[in-house]
Amino acid sequence: MKNIQDIRQDFPILHQEIQGKPLIYFDNAATSQKPRSVIDSLNTYYTGMNANVHRGIHTLAERSTQAFEDTRELVRHFLNAQSIEEVIYTKGTTESLNLVASSYGQIAVNEGDEVIISTMEHHSNIVPWQLLCERKKAILKVIPINDKGELLFEEFEKLISERTKIVSVVHVSNTLGTINPVKKIIDTAHQFGAITVIDGAQATPHVEIDVQDLNADFYAFSGHKVYGPTGIGILYGKKKLLEQMPPYMGGGEMIKEVTFEKTTYNDLPYKFEAGTPNIGDAVALKNAIEFVLEIGRENIANHEQELLEYATQKLQEIPNLRIIGEANHKASVVSFVVDGVHSMDIGMMLDANGIAVRTGNHCTMPLMARFGIEGTVRASFAIYNTTEEIDRFVSELQRIIQVM
Ligand code: C6P
């Protein structure tokens with residue numbers, strides 16, 4: 001693996017001062033920074049090949065279509081999906097989850113049926129199911145967690161039944177860092193005939209994903225959290241389910257033939273890609289995935305695990321600081337609260353020292369309620385972060401706590 005200093009050289013944004021101090025970027029769970037190859041790819045796309053896809057017969061249209069479809073093939077490989085028909089472009093995880101809730105929910109969920117999610121879901125994996133359940137008069141059930149922030153599997157086994165049609169859970173929690181046993185959850189759901197939706201927004205940057213090995217029915221992620229551009233994401237879905245599902249949106253590209261009497265729909269995956277897609281960002285997503293594959297997901301995970309352990313140990317030494325999320329299996333996210341100090345104040349004072357963290361409820365309000373808190377300070381690490389940065393972060397934090 002390249003050394004971390006060389007990897008950092010690939011990220012132009014990291015080499016700047018914020019408020020007169022060298023930037024420390026610990027807000028990677030919100031969005032990761034982009035390597036030069038991704039930034040250059042956007043430039044190359046718009047200066048050399050911009051054209052609409054799947055429509056033109058001219059050279060630029062062929063180039064952009066080829067590049068757009070090359071990314072789809074790489075995503076197929078990245079997730080180990082069986083075919084490109086199972087790889088649908090969306091705006092991001094939120095749109096992917098809404099697509100499944102709306103389209104699969106339409107055919108699979110009826111009055112009195114049940115959908116199961118967990119306490120640690122992001123709002124994107126709560127609200128679409130609430131909307132569906134309201135529409136269909138179905139029931140939303142929630143798997144509880146323990147004080148360490150781990151799912152209570154025995155409680156899940158009590159909740160699930162033949163009435164359960166969908167189980168939708170997060171692979172890695174954005175607030176706690178907990179890595180959920182999704183394979184076991186998927187196996188159990190299948191025993192009851194339920195299908196599974198996995199929110200992989202925080203897993204894809206850190207964990208190797210094999211949708212066939214997991215046997216996931218749907219898997220969603222966002223390009224921007226995995227070193228790619230914003231506005232592009234993926235929904236993986238099993239072909240046999242996608243084939244049964246009605247389109248999510250109507251428009252160009254998703255049709256075969258339109259008459260005023262009847263419209264027939266395009267083949268997969270295009271049936272779910274109405275309108276001109278986000279071509280430039282899809283093309284640059286290929287460079288982001290190549291960046292990850294080149295370093296190796298195991299190497300990324302090992303480096304981030306070291307950062308996580310280092311930061312956790314240092315933070316635990318600070319009096320009156322409580323880490324929220326102490327699961328045995330965690331990705332590189334540390335959330336914490338400090339007695340008597342508002343998390344927002346800590347975030348603002350860290351920013352005044354060039355350190356970017358996220359504060360607040362992290363779009364997981366029900367999870368905050370479970371812990372009886374309003375918000376946390378969250379530091380989340382990526383491949384380009386270092387233990388030296390953690391040292392500076394911890395010493396600034398100690399100084400801030402003393403001042404406050
Ligand atoms: N979490 C965070 O700071 P979008 O916005 O569609 O790319 O991703 C939504 C989403 C869904 N699930 C999980 C687990 C997530 O973490 C996120 C995005 C960011 O934690 C922004 S709220």
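**Notebook: a walk from H362 to the ligand and beyond**

I began at H362, whose side chain makes a polar contact with the side chain of T376 at 2.7 Å. For me, a polar contact is a pair of N or O atoms within 3.5 Å; within protein, one must be able to donate a hydrogen and the other to accept it, and residues adjacent in sequence count only if both atoms are side-chain atoms. A note on the source: this is a predicted model, where local features need pLDDT of at least 70, side-chain atom pairs count only at pLDDT 80 or more, and totals for chains, interfaces and linings use all residues. Residues are numbered from 1 along each chain as its sequence is written, and side-chain values use heavy atoms, with hydrogens and water left out.

**Entry 1: H362**

I placed H362 in the loop between β16 (358–360) and α13 (365–371). Helices (H or I, at least four residues) and strands (E, at least two) are DSSP runs, numbered from the N terminus. Is H362 buried or exposed? H362 counts as buried because its relative accessible area is 0%. The scale I used calls a residue buried under 20% relative accessible area, exposed over 50%, and partly exposed in between (1.4 Å probe, protein chains only).

Next I listed what H362 is in contact with, leaving aside its neighbours within four places in sequence: H122, N174, T175, S335, T376 and R378. Contact here means heavy atoms within 4.5 Å. T376 is thus in this list as well as being the polar partner of H362.

**Entry 2: the ligand**

H122, from the list above, turned up again at the ligand: a nitrogen atom of the ligand is 3.4 Å from an N or O atom in the H122 side chain. I also noted a ligand oxygen 3.5 Å from a polar backbone atom of T93. At S222, an oxygen atom of the ligand is 2.7 Å from an N or O atom in the side chain. The protein covers 87% of the 510 Å² of accessible area that the ligand has on its own. Such areas come from the Shrake-Rupley method with a 1.4 Å probe; for residues, only the protein chains shown count as cover.

How many residues surround the ligand? I found 17, and the closest are T94, D199, Q202, S222 and R358. The test for this is a heavy atom of the residue within 4 Å of the molecule. S222 is therefore on my page twice, once among the closest residues and once for its side chain.The space taken by the ligand is the largest pocket. A pocket, on a 1 Å grid over the protein atoms alone, is an open set of points with protein on both sides within 12 Å along at least five of seven lines. A molecule sits in one if more than half of its atoms lie within 2 Å of its grid points.

**Entry 3: two threonines in helices**

I looked up T188 and found it in helix α7 (residues 182–191). T188 counts as buried because its relative accessibility is 9%. Not counting neighbours within four places in sequence, T188 is in contact with F153, F156, E157 and I160. I also checked T188 against R72: they are 116 residues apart along the chain, and their C-alpha atoms are separated by 30 Å.

T312 lies in helix α11 (residues 297–316). What does the T312 side chain reach? It reaches the backbone oxygen of L308, at 2.6 Å. Leaving out residues up to four places away in sequence, T312 touches I323 and V334.

**Entry 4: two strand residues**

K141 lies in strand β6 (residues 139–143) and counts as partly exposed, at 24% relative accessibility. Beyond its neighbours within four places in sequence, K141 is in contact with E114, V115, I116, I117 and L159. From K141 to R63 I noted 47 Å, C-alpha to C-alpha, with their positions 78 residues apart in sequence.

T263 is found in strand β12 and is partly exposed, with a relative accessibility of 24%. T263 touches I255, E257 and V258, not counting residues up to four places away in sequence.

**Entry 5: backbone oddments**

Which residues does a cis peptide bond join? They are L268 and P269, with omega about 0°. P269 lies in the loop between β12 (263–265) and α10 (279–295).

I then noted H54, which has a positive phi of about 60° although it is not a glycine. H54 lies in the loop between α2 (36–48) and α3 (59–79) and is partly exposed at 30% relative accessibility. N320, not a glycine either, has a positive phi of about 65°. I placed N320 in the loop between α11 and β13 (321–324).

Technical notes: 1 Å grid on protein atoms, 1.4 Å probe; cavity = no way out; pocket = protein on both sides within 12 Å on 5 of 7 lines; lining within 4 Å.
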